[in-house]
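Me: I am new to this structure and should be grateful for a close look at a single part of it. Please choose one helix and set it in the context of the whole protein.

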Amino acid sequence: MWLRIRIIAAFALCAVVPTVVGIAGVWLAAVYVLGDTAARDLQSETRSAAAAIDQRLALDLEDLRAWGSLPVMQEALIDDDGGDIARAIADLKGQYPDFADLFVTNARGK
C-alpha cells in the first residue's frame with residue numbers, strides 16, 4: 001500500500017512540476033515582452049513629444065524675432081521718414097507668406 005502511494009505521488013509530481021515550470025516560463029516571458037513593449041512605446045512617445053515641443057519653441061522664437069523687430073506704435077505715429085516700418089513690413093511678408101498686403105498710412109495718407 002505504501003509503495004502504491006509513493007508511486008502515485010511520484011507520477012503526480014512528474015506531471016505537476018513540468019506544468020508549473022511551463023506556466024512560470026510563459027508568465028515570465030509575457031512579463032518581459034509586455035515590459036519591453038511598454039518601454040519602447042514610452043520612449044517613442046517621449047521622443048515624439050520632445051520633438052513637437054522643440055519644433056513649437058523654434059517657431060515661437062522665430063515669431064518673437066519677427067514681431068520683436070517691428071517698430072513700436074509711437075514710432076508709427078510720428079511717420080516713417082526713414083522707411084523702417086516699410087522695410088519691417090517687407091521682411092514680414094518675406095518671412096510669412098500668409099501675409100498678402102499690409103498698408104499703414106498716417107492721417108495725411110502717407
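Reply: The account below turns to helix H1, after a short view of the whole protein and before its surroundings.

This is a predicted model, in which local features need a pLDDT of at least 70 and side-chain atom pairs count only at pLDDT 80 or more, while totals for chains, interfaces and linings use all residues. Residues are numbered from 1 along each chain as its sequence is written, and side-chain values use heavy atoms, with hydrogens and water left out.

The protein has 3 helices and 0 strands, and its pattern along the sequence is α-α-α. Helices (H or I, at least four residues) and strands (E, at least two) are DSSP runs, numbered from the N terminus. Of the 110 residues, 7% count as buried; buried means under 20% relative accessible area, exposed over 50%, and partly exposed in between, with a 1.4 Å probe and protein chains only. The accessible surface is about 9,500 Å², and carbon and sulfur atoms account for 67% of that surface. Such areas come from the Shrake-Rupley method with a 1.4 Å probe, and for residues only the protein chains shown count as cover.

Confidence is expressed as pLDDT, the predictor's score for each residue from 0 to 100. The protein averages 78, and 75% of the residues score at least 70. Among the elements, H1 has the highest mean pLDDT (87), whereas helix H2 (residues 73-77) has the lowest (52). Where pLDDT is low, the predicted coordinates should not be read in detail.

Helix H1 covers residues 2-68. At the start of the chain, Met-1, Trp-2 and Ile-5 make a nonpolar surface patch of about 440 Å². Patches consist of residues with over 30% relative accessible area and no salt bridge, like charges being joined within 9 Å and nonpolar side chains (Val, Leu, Ile, Met, Phe, Trp, Tyr) within 5 Å. Ile-5 lies in H1 and is partly exposed, at a relative accessible area of 43%.

The structure holds 2 salt bridges, each a side-chain nitrogen of Lys or Arg within 4 Å of a carboxyl oxygen of Asp or Glu. One joins Arg-40 to Asp-36, with 3.1 Å from N to O. These two residues are 4 residues apart in H1, and therefore separated by about one helical turn. An α-helix has 3.6 residues a turn, so residues three or four places apart point the same way. Arg-40 is partly exposed at 49% relative accessible area, and Asp-36 is partly exposed at 30%.

Further along H1, Asp-60 forms a salt bridge with Arg-56, with the closest N and O atoms 3.2 Å apart. Here too the partners are 4 residues apart in the helix, about one helical turn. Asp-60 is partly exposed, with 30% relative accessibility. Side chains of opposite charge can pair when their charged atoms come close.

Trp-67 also belongs to H1 and is partly exposed at 45% relative accessibility. Its C-alpha is 8.5 Å from that of Leu-92, although Trp-67 and Leu-92 are 25 residues apart in sequence. Leu-92 is one of the buried residues of H3, together with Ile-85, Ala-88 and Ile-89. Seen down the axis of H3, the buried residues fall within an arc of 100°, so they line one face of that helix; the arc is that of the directions from the helix axis to the C-beta atoms. The face of H3 turned away from the buried side carries the exposed residues Asp-91 and Gly-94.
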